[in-house]
Amino acid sequence: MDNLLIFEKSSPGRQGYSLPGADVPLYPMDELIPPEFIRSAPSMLPELSEPEVVRHFINLSRRNFSVDGNFYPLGSCTMKYNPKVNEEAAGIPGFDMIHPLQPVENSQGALKIMHELELMLCEIGGMERVSLQPAAGAQGELAGMLMVRAYHEAGGEADVRDKVIIPDSAHGTNPASARLAGFHVVEVKSTPEGLVDPAHLREIAGPDTAGFMLTVPNTLGLFEKDILEISGIIHDAGGLMYMDGANLNALVGLVRPGDMGFDVVHFNLHKTFSTPHGGGGPGAGPVGVKALLAPYLPTPTVEIEGGRYFLDYDKPLSIGRLQAFGGSFGVLVRAWAYIRTMGAEGLSEVSENAIINANYLLARLKGHYQPAHDRFCMHECVFSARRQKERGIHAMDIAKRLLDYGFHAPTVYFPLVVEEAIMIEPTETESRETLNAFIDAMIKIDDESAADQELLKNAPHTTYLSRLDEAEAARHPVIRYIPS
Ligand SMILES: Cc1ncc(COP(=O)(O)O)c(C=O)c1O
């Protein structure tokens, strides 16, 4: 496989496709476009034949790892297989070609989808209202935190309630969102069991508490068994409960955030509800609220009056706009189609299968890798490579070696509270055969860590490139083609 950029393969005059001659009159360019906007030199676009273009991109795609190609157990990311029928739904021309400035009179179908999705997410989350605006989980968090702030402002307490409590195991976006919304972050410690310590929480919650951000199941894949006590502590202190719902594929259909005492929750549609996650594509992180936060929702909201849908911008207490137009509309259509096709029973099965798969991995691997917490887990299980570290092998080496066996690596070194963390999220969409093949590879790697450390330290051996200087790539990325 060559290593040339498509620009370097270009050959002047070569064409990818021959179009028939125009069957409409040709106008001189300068009658249509003001002369100052017309190019004086040809563009520097590459010129190639069709097979050259096809081969170029097919070969590039083969160097990539995708969930369509193989198992991708990246913890906390829910890299599950998404049914292609939902892609088809999002591609229906009435949705795909809709113009964001189209008047509401002829966007009624799109608004209906949005309205129904809001109702379904309200039901799933146990919430009163949902805004579909946020374009990512992190933006849902920010929206939630801004609403918490607006709520305390309305109560005249914003100056004193300036602290948000977050567990030490939290995803990094939680403290970042709280900070962006103007709060100070206070850390609550986890117990040796990996759960929030209610005694410590009681000590730090008080009149300066604006809220508590909690991921359920938490980032160790564990259900917070004291959740009702925790929400009681925060509410008694006058704070609000925020749930990071990024791990909802362990709960959907089984328990509802609203019933656990949460006042606000975000959903990662691009994890739980059928949009491929990763690769920097569009996402959606709708945020749901109980009635007390509804006045502060981002604008516009989709409303219905006399059977007609409309966008309501008239919300004087709103935190304002987060996105242009309707947010990531295509992602919303996929989520709507997914929820409708799965139905209530199907969604509960999603959670049950996600939990069964993770517990199966935990049970079969714990003789080889040390579990961070050796107890029933939810949709993901976390191990520590402590045993392998004693042989000089790190979580990173194990992750790299898995690529040689054809598997994407699990998440490593997160959550930060676990030394040499390996966080595996098998997701609900994988078969027992796939899980067994992955388990076999993990066991072989454990054997290799005893027998041949160099093999692991230099892995991967079968990929197009082996180990990259990731820090250099992040700090000095070369992303622009500079012709020689
Ligand atoms: C637990 C958790 N919270 C929040 C987020 C943020 O979601 P997003 O990547 O959509 O901003 C993630 C993302 O992976 C996550 O795993």
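This text goes through the ligand site, three helix packings and a few unusual backbone positions of a predicted model.

The ligand comes first. It is surrounded by 13 residues, and the closest of them are Ser76, Gly137, Asp244, His270 and Lys271. Two of these closest residues also come up in polar atom pairs with the ligand. In the case of Asp244, an N or O atom of the side chain is 2.5 Å from a nitrogen atom of the ligand. In the case of Lys271, a polar side-chain atom is 2.8 Å from an oxygen atom of the ligand. A backbone atom takes part as well: a polar one of Ala138 lies 2.9 Å from an oxygen atom of the ligand.

Ala138 leads on to helix α6, which spans residues 137–154. Helix α6 packs against helix α7, residues 173–180, with the axes 8 Å apart and at an angle of about 40 degrees. Angles under 35 degrees count as roughly parallel, and 65 to 115 as roughly perpendicular; α6 is therefore oblique to α7. Their crossing is right-handed. From α6, the residues Ala138, Glu141, Leu142 and Met145 take part in the contact, and from α7 they meet Thr173, Asn174, Ser177, Ala178 and Leu180. Sorted by class, this contact holds five nonpolar residues, three polar ones and one charged. Ala138 thus appears in two settings, with its backbone beside a ligand oxygen and as a member of the α6 contact with α7.

Further along the chain, helix α14 (residues 432–451) packs with two other helices. One partner is helix α11, residues 329–365; its axis and that of α14 are 11 Å apart, at an angle of about 30 degrees. The angle makes α11 roughly parallel to α14, because the bound for that class is under 35 degrees. The crossing of α11 and α14 is right-handed. On the α11 side the contact is made by Asn357, Tyr360, Leu361, Arg364 and Leu365. On the α14 side it involves Arg432, Leu435, Asn436, Phe438, Ile439, Asp440, Met442 and Ile443. The residues of this contact comprise eight nonpolar, two polar and three charged.

The other partner is helix α13, residues 395–404, whose axis comes within 10 Å of that of α14 and crosses it at roughly 125 degrees. These two helices are therefore oblique to each other, and their crossing is right-handed. Here Ile398, Arg401 and Leu402 of α13 meet Phe438, Ala441, Met442, Ile445 and Glu448 of α14. Six of the residues in this contact are nonpolar and two are charged, with no polar ones. Phe438 and Met442 of α14 are listed in the contact with α11 and again in the contact with α13.

The backbone itself has some positions to look at. Most peptide bonds are trans, and most residues other than glycine have a negative phi. Which bond is cis, with omega near -10 degrees? The peptide bond from Val216 to Pro217 is, and Pro217 sits in the loop between β4 (209–215) and α9 (227–236). Ala459 and Pro460 are also joined by a cis peptide bond, here with omega about 5 degrees. Pro460 belongs to the loop between α15 (453–457) and α16 (470–475). Glu420 concerns phi rather than omega: although not a glycine, Glu420 has a positive phi of about 50 degrees. Its place is the loop between β12 (411–412) and β13 (421–424).

Methods:
Residues are numbered from 1 along each chain as its sequence is written. This is a predicted model: local features need pLDDT of at least 70, side-chain atom pairs count only at pLDDT 80 or more; totals for chains, interfaces and linings use all residues. Side-chain values use heavy atoms; hydrogens and water are left out. Axes are lines fitted to C-alpha atoms, for helices over the stretch in contact, and angles run from 0 to 180 degrees between N-to-C directions. Helices (H or I, at least four residues) and strands (E, at least two) are DSSP runs, numbered from the N terminus. Angles under 35 degrees count as roughly parallel, over 145 as roughly antiparallel, 65 to 115 as roughly perpendicular and the rest as oblique. A crossing is left-handed if the near helix is turned anticlockwise from the far one by less than a right angle, and right-handed if clockwise. Contact means heavy atoms within 4.5 Å. Ala, Val, Leu, Ile, Met, Phe, Trp, Tyr, Cys and Pro count as nonpolar, Asp, Glu, Lys and Arg as charged, and the others, Gly among them, as polar. A residue is near a molecule or strand if one of its heavy atoms lies within 4 Å of it. A polar contact is a pair of N or O atoms within 3.5 Å; within protein, one must be able to donate a hydrogen and the other to accept it, and residues adjacent in sequence count only if both atoms are side-chain atoms.
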